[in-house]
Amino acid sequence: MEPRRTRPVAIDTAALLLGAIGHPDVKPGILEVGILLKTRFALDQYINLRPVKLYPNVETPLKDKGPEHIDFVVVRENTGGIYTGVGGVTQKGTPLEVATQVMTYSRPIVERCVKYAYEYTRKRNSKKKMLTLVHKCNVLTHCGDLWVRVHKEMGDAQYPDVKQDYNHVDACTMWFVKQPEYYDVIVTENLFGDIITDLAGILQGGMGVAAGGNINPEPGGVSMYEPMGGSAPKYTGKNVINPLATISAGGMMMDTLGEPVIAQVIDKAIHDALASGQIKSLSAGKMGMGTREVGDLIAKLVS
Ligand code: IPM
Ligand code: MG
């Protein structure tokens, strides 16, 4: 595979909302790589922002945890690391074949991500104001060390109001389950971010609500928002799918479009719709109402 390179392209749109994609006729991986990764790289969407928030009446697999415990944000680096495709295979098909897949990080790529995360933590409406770097610097001594130094240097110099914190990624998965209330904002490299946000997604009730943004925070940057789930083709046309994750992604998009109040109103509508108990479950077919009716309920609450 050719290494993936960021090749900024000009595109005449303010933002993108990506619906759930996938089709049974298309082999897994083709759409993901061809659309999702390609767009992230082409538009240099170097931040993957994944809020992890448990809304009221939403079931979490964690025992004795509620909305007051699960409310943090993961800032995942989105265009670097092992996802750049650096590496290859030699002597393929022989007993001695060798495959490499290299985690690469340059200082500027780490710095722009960590800077975004500090700014985000500073602005976030939380009491903790804590930025946890998640890595594996005890083993990944080159890349991990670069992230650790950037996190500390930048924090010391520019963000004295933000508390610095560090977790190894393996320990982080344990704390997600044991004490999710510990976290405020997490910043992490691409692959670790991919893995921990699936775990985080299930803590907040699964794919029915999990949304994320692929963000290019630069002036004129084009960002893309998406529900975390796939397209669930077996439910096509049945009016049973939960639209909340897509609506939530749309809400996040409003923030980027310079409409933070609208973003808040949409988030509150999702919160209130769930708090009202009218939506029985987040699972397809078990919501107690159809896709359209959930959409109508949110539309009523925002208007
Ligand atoms: C995600 C997905 C993608 C990723 C896949 C579909 C390429 O898992 O957005 O988390 O690995 O980034
Ligand atoms: Mg993933």
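Start with Gln 204, and look at what surrounds it in this predicted model. Leaving out neighbours within four places in sequence, Gln 204 is in contact with Pro 51, Val 52, Lys 53, Leu 54, Val 58, Val 209 and Ala 210. You'll find Gln 204 in the loop between α5 and β9 (211-215). Being in a loop doesn't put it out in the open here: its relative accessible area is 5%, and since buried means under 20%, Gln 204 counts as buried.

From there, step back to helix α5 itself, which covers residues 190-203. This helix packs on the sheet, where it touches β2 (47-53), β3 (71-77), β6 and β8. The direction of α5 makes about 155 degrees with that of β3.

Now for the sheet underneath. It is an open one with eight strands, and if you walk across it the order reads β1-β10-β9-β2-β3-β8-β6-β7, with mixed pairing. The edges belong to β1 (15-17) and β7 (163-168); each has a single partner strand, so one side of each is left without a neighbour in the sheet. From one strand to the next, the twist averages 20 degrees. For a closer look at one pairing, take β6 (residues 130-135) and β8 (residues 185-188), which run in the parallel sense and share four bridges. Within that pair, Leu 133 stands opposite Val 187 in β8.

Next, the ligand. Which residues surround ligand 1? The shell consists of Glu 32, Leu 36, Arg 40, Arg 50, Arg 76, Tyr 83 and Asp 194. Helix α1 (residues 30-42) supplies the largest share of that shell, with three residues. Three of the polar distances to oxygen atoms of the ligand are worth checking on your screen. A polar side-chain atom of Tyr 83 sits 2.5 Å from an oxygen of ligand 1, one of Arg 40 lies 2.7 Å from a ligand oxygen, and for an N or O atom in the side chain of Arg 76 the distance is 2.8 Å. On its own, ligand 1 exposes 320 Å², and the protein buries 76% of that.

Finally, swing over to Val 222, in the loop between β9 and β10 (223-227). Is this residue buried or exposed? Val 222 is buried, with a relative accessible area of 6%. Not counting residues up to four places away in sequence, Val 222 touches Ile 11, Thr 13, Ala 14, Ala 15, Leu 16, Leu 43, Gln 45 and Asn 216. For a sense of scale, Val 222 and Glu 97 are 125 residues apart in sequence and 41 Å apart in space, C-alpha to C-alpha.

Conventions. Residues are numbered from 1 along each chain as its sequence is written. Chains are lettered from A and ligands numbered from 1 in the order in which they are written. This is a predicted model: local features need pLDDT of at least 70, side-chain atom pairs count only at pLDDT 80 or more; totals for chains, interfaces and linings use all residues. Side-chain values use heavy atoms; hydrogens and water are left out. Two strands pair if DSSP finds at least two bridges between them. Helices (H or I, at least four residues) and strands (E, at least two) are DSSP runs, numbered from the N terminus. Axes are lines fitted to C-alpha atoms, for helices over the stretch in contact, and angles run from 0 to 180 degrees between N-to-C directions. Contact means heavy atoms within 4.5 Å. Buried means under 20% relative accessible area, exposed over 50%, partly exposed in between (1.4 Å probe, protein chains only). A residue is near a molecule or strand if one of its heavy atoms lies within 4 Å of it. A polar contact is a pair of N or O atoms within 3.5 Å; within protein, one must be able to donate a hydrogen and the other to accept it, and residues adjacent in sequence count only if both atoms are side-chain atoms. Accessible areas come from the Shrake-Rupley method with a 1.4 Å probe; for residues, only the protein chains shown count as cover.
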